[in-house]
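Here is a friendly walk through a pair of chains and the empty spaces around them. Have the coordinates open in your viewer as you read.

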Amino acid sequence: MITVRGLTKRYGGTLAVDGLTFDVRAGRVTGFLGPNGAGKSTTMRMILGLDRPTLGRALIAGRPYADLRRPLCAVGAMLDARAVHPARSGRAHLVAQARSNGIPLRRVDEVLEQVGLAKAARRPAGTYSLGMSGRLGVAGALLGDPPVLVLDEPVNGLDPDGVRWIRGLVREQAAEGRTVFLSSHLMSEMQLTADHLVVIGRGRLLGDTSMAEFLAAASPAAARAVVPDPEERAALVRRLLTADGVTVEASESGELTVEGRTAAEIGDLAHRCRVRLHRLSDVRVSLEQAYLDLTARSVEYTTGGYTADTTAVPAASDEGER
Amino acid sequence: MQPAGNAAASSAVLVQFTVVVLATVAVTSEYATGSVRAALLSVPRRSRVHAAKALVVAVVAFVAGAAFAVVGTAVAWFGFDGRASFSVGLSLRQVLAIGLYEALVAVLSVGVAFATRHPAGALSILATLLWALPSILLGLGGPTLAGLNGRLPHGAGERFMRPAAEAPYGSVTAVLIVAAWAAAAHVIGLYVLRRRDT
């Protein structure tokens, strides 16, 4: 469990992280989303005791990182996969970390095996590809078998196999009851990996919800249905339009796009009217769309300006009056 | 006749350059590659990381300095061919003194390197302190400036590596002066390591 309370980081005149408060709970994958420069990495570095917060605190299992006695056994972190001395072998890099935390050396070979680096373990880390560096970074995070994982852009530079591997690994770790906090700018990947989302923009918290709620909030109920028979289709459309707030668009091929109704509701209705359906599906908004909708409401990164920092556009007029 | 070990002690001014560069790079390379983050994640207590670095580099510098002193004394003894004196006791003392001086210079360099994080900055400061200032002070001459030079690390180091009768203070004081410089740099380096983001 990671606890972040009023975490703030100021660089000169700019607030990189502005009063963040959220929890990262055990047993699920929490995705950390935000545009470049939103303060994701700074927040992670403060959680790991590398950067000093200007205000507020970040605790791991109730304690600041600096107070952890064997930190690698409490938190596994991967920040910048390339941050390894290039002349040192991958194994030597891990051995040094293991020694400093009283981790048995056989664990080093175990994690190297687990991430698929056993063959390259004795080569200098400077000769590793980006993907191999990423695997070494993951090996370092897993070294102490920690209950908490903090991973900054772990899929960066990995090939499709590696991306799938990370996804499986991260889900597995959460299923074992660990706390997983993961940042990524790859929305499709995040949608497949995370259960819960913490979204920030300009250093502020924009959202802290489950993935399902986040997607649901961004998209009203909508579904697509294919009704082969034109008469039945017309009948179904008439019945659908009797309700308020429902709109229907029909394509030439006979596909209906219904907003304001779920696939289940349309299926029930079709059943009652004895209308044959060939296909029926909910229209799901992608995480990318939901995320863009949310961040579009905070102005800076859409206009690049500094004029307004209000969140929702409709709310802006209310606040304008003071 | 001078003791043969004085030759080795005199060239410590050059040998220390190796120690300074080695000790500086031992710290700044961690910042250049980013591996300092792995170190601080493994051992979040800054004082331990800093002390460990200083200790390792000091031991290496002591061994290297002492080995250099042995070789230097031997070369001088043969080179001077009877025009230098040799006694086991004094030579051993000088070998240990040179090792100690290089070890303290290493600690000083580690502190400066942690404070600056970049090799150029660290080496500029160390070159000024260990070479430029002494040359200027001794070059301009006069008892005041020479006395001031005696309070700088290398000036004080000379006093205990190459003991002379006319020294204004004893070997122990000389060691303490160099140790004080090393301690001051260590404290400053630790302060920066604690305060600044990594």
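The sections below cover the contact between the chains, then the cavities, the largest pocket and the salt bridges.

## Where the chains meet

Keep in mind from the start that this is a predicted model. Chain A brings 25 residues to the contact and chain B brings 18. Together the two chains bury about 1600 Å² between them, and 54% of that area comes from carbon and sulfur atoms. If you want a place to begin on chain B, try B:Leu41, B:Ser42 and B:Asp197: these residues supply 36% of the area that chain B buries against chain A, more than any other three.

On the polar side, 8 residue pairs are in polar contact between chain B and chain A, counting pairs with both residues at pLDDT 80 or more. Three elements of chain B give two or more residues each to its side of the contact: helix H2 (12-33), helix H3 (35-42) and helix H9 (171-195). The largest share comes from H3(B), with 6 residues. Sorted by class, the side of chain B that touches chain A holds 7 charged, 6 polar and 5 nonpolar residues.

## The salt bridge between the chains

How many salt bridges are there between chain B and chain A? The count is 1. The partners are A:Lys9 and B:Asp197, whose closest N and O atoms lie 2.7 Å apart. B:Asp197 is worth a second look, as it is also one of the three residues named above for their share of the area that chain B buries.

## Enclosed spaces

The whole structure contains 2 cavities of 30 Å³ or more. The largest cavity encloses about 270 Å³ of space. It is lined by 21 residues, and those closest to its centre are A:Ala77, A:Met78, A:His93, A:Gln97 and B:Ala38. From chain A, strand S5 (75-78), helix H3 (90-100) and helix H5 (130-142) each give two or more residues to this lining, as does H3 of chain B. The lining of the largest cavity has 14 nonpolar, 5 polar and 2 charged residues.

The second largest cavity has a volume of about 60 Å³. Among the residues lining it are A:Pro154, A:Val155, A:Ile166, A:Arg167 and A:Leu182. Helix H6 (160-175), strand S7 (179-183) and helix H7 (187-193) of chain A each contribute at least two lining residues. H7(A) gives the most to this lining, with 3 residues. By class, the lining of the second largest cavity divides into 5 nonpolar, 3 polar and 2 charged residues.

## The largest pocket

Now for the open space. The largest pocket has a volume of about 630 Å³. Which residues sit closest to its centre, out of the 23 that line it? They are A:Ala96, B:Glu30, B:Ala39, B:Ala52 and B:Lys53.

At least two lining residues come from each of H3 of chain A and H2, H3 and helix H4 (46-80) of chain B. H4(B) provides the largest share of the lining, 6 residues. The lining of the largest pocket is made up of 12 nonpolar, 7 polar and 4 charged residues. H3 of chain B is a helix to follow across these sections: besides this lining, H3(B) also contributes to the lining of the largest cavity and to the side of chain B that touches chain A.

## Salt bridges across the model

Over all chains, the count comes to 14 salt bridges. One to find in your viewer joins the side chains of A:Asp18 and A:Arg204, with an N to O distance of 2.9 Å. This pair links distant parts of the chain, its members being 186 residues apart. A:Asp18 belongs to strand S2 (residues 14-24) of chain A, while A:Arg204 belongs to strand S9 (residues 204-210) of chain A.

Methods:
Residues numbered from 1 in each chain as written. Chains lettered and ligands numbered in written order. Predicted model: local features only at pLDDT ≥ 70, side-chain atom pairs only at ≥ 80, totals over all residues. Heavy atoms only, no water. Contact = heavy atoms within 4.5 Å. Buried area = accessible area lost by both parts, 1.4 Å probe. Salt bridge = Lys/Arg side-chain N within 4 Å of Asp/Glu carboxyl O. Polar contact = N/O pair within 3.5 Å; in protein donor to acceptor, adjacent residues only side chain to side chain. Helix = DSSP H or I, 4+ residues; strand = E, 2+ residues; numbered from the N terminus. Nonpolar A, V, L, I, M, F, W, Y, C, P; charged D, E, K, R; others polar. 1 Å grid on protein atoms, 1.4 Å probe; cavity = no way out; pocket = protein on both sides within 12 Å on 5 of 7 lines; lining within 4 Å. Points joined across faces, edges and corners; volume = space filled by probe spheres on them.
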